[in-house]
Amino acid sequence: MDYLKKRQLLLEGNLTTAIITLSLPLMINNFIQTIYNITDTYFVGKMGTTAIASIQFVWPLTFLMLSFATGIGVAATALISQNIGAHKSEKAISFAGQTLLFNAAFSLIFGLAGYAITPWLLTILGAKGALFSGAVEFLRVMFLGM
């Protein structure tokens, strides 16, 4: 759907259709993330209960990373949308480019720093023994995935 059709749908169209059209990409994203987590848990579960406990132990940190990324995305979308609505396409494109650069730089810096301090973070959270080892491995992979 092109820009003018979307604009017309939001301003003059059926509210239910507009809400579904806007929310569908987010619902698909959440569905894919849920399937990823279920699949991850299934295969890690084949390694034993300690492995499952390890990924569940680091879930709050993983969720923190996801929440921060979502916040950046929402903020960027708001800025870009406001500029598109004000017919300032150049500024919207500039915000989009800056957001991509920020995300790339932040992901690289945060991912490498997180990888380096993973043992320290997990020690602070109280992980010990086999749980600690499994959690370090899993969280480091998550940080590298950034």
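These legends describe an overall view and several close-up views of a predicted model.

**Figure 1. The whole protein is built from helices.** The protein contains six helices and zero strands. Followed along the sequence, the order of elements reads α-α-α-α-α-α. Along the principal axes, the C-alpha atoms occupy a box of roughly 60 × 30 × 20 Å. The radius of gyration of the protein is 20 Å, whereas a compact globule of 146 residues would have one near 15 Å. Of the contacts with a separation of 6 or more, 56% join residues that are 24 or more positions apart.

**Figure 2. Confidence in the model varies along the chain.** The average pLDDT of the protein is 88, and 99% of the residues reach at least 70. Helix α1, residues 3-12, has the lowest confidence, with a mean of 75. The highest belongs to helix α5, residues 89-125, at 93. Where pLDDT is low, predicted coordinates should not be read in detail.

**Figure 3. The surface and its charges are considered for the whole protein.** The exposed area of the protein is about 10300 Å², and 71% of this area comes from carbon and sulfur atoms. Among the 146 residues, 18% count as buried. The protein carries 8 positive and 5 negative charges, and the mean positions of the two groups lie 5 Å apart.

**Figure 4. Threonine 118 is a buried residue of helix α5.** Threonine 118 sits in helix α5. Its relative accessible area is 0%, so threonine 118 counts as buried, the cut-off being under 20%. Beyond its neighbours within four places in sequence, threonine 118 is in contact with Val136, Leu139, Arg140 and Phe143.

**Figure 5. Alanine 96 is a partly exposed residue of helix α5.** Alanine 96 belongs to helix α5. It has a relative accessibility of 29% and therefore counts as partly exposed. From alanine 96 to phenylalanine 143 there are 47 residues in sequence, and the distance in space is 24 Å from C-alpha to C-alpha. Phe143 also appears in the view of threonine 118, as one of the residues in contact with it.

**Figure 6. Alanine 78 is a partly exposed residue of helix α4.** Alanine 78 is part of helix α4, which covers residues 59-85. The relative accessible area of alanine 78 is 36%, which means that this residue is partly exposed. Alanine 78 and proline 119 are separated by 41 residues in sequence. In space, their C-alpha atoms are 37 Å apart.

**Figure 7. Histidine 87 lies in a loop and has a positive phi.** The loop between α4 and α5 holds histidine 87. This residue is not a glycine, yet its phi is positive, at about 60°. Most residues other than glycine have a negative phi. Histidine 87 has a relative accessibility of 59% and so counts as exposed, the cut-off being over 50%.

Definitions and conventions. Residues are numbered from 1 along each chain as its sequence is written. This is a predicted model: local features need pLDDT of at least 70, side-chain atom pairs count only at pLDDT 80 or more; totals for chains, interfaces and linings use all residues. Side-chain values use heavy atoms; hydrogens and water are left out. Helices (H or I, at least four residues) and strands (E, at least two) are DSSP runs, numbered from the N terminus. The radius of gyration is taken over C-alpha atoms; the globule rule is 2.2 Å times the number of residues to the power 0.38. Buried means under 20% relative accessible area, exposed over 50%, partly exposed in between (1.4 Å probe, protein chains only). Contact means heavy atoms within 4.5 Å. Accessible areas come from the Shrake-Rupley method with a 1.4 Å probe; for residues, only the protein chains shown count as cover. Lys and Arg count as positive and Asp and Glu as negative; His and the chain ends are not counted. The place of a charge is taken as NZ of Lys, CZ of Arg, CG of Asp or CD of Glu. pLDDT is the predictor's confidence in each residue, from 0 to 100.
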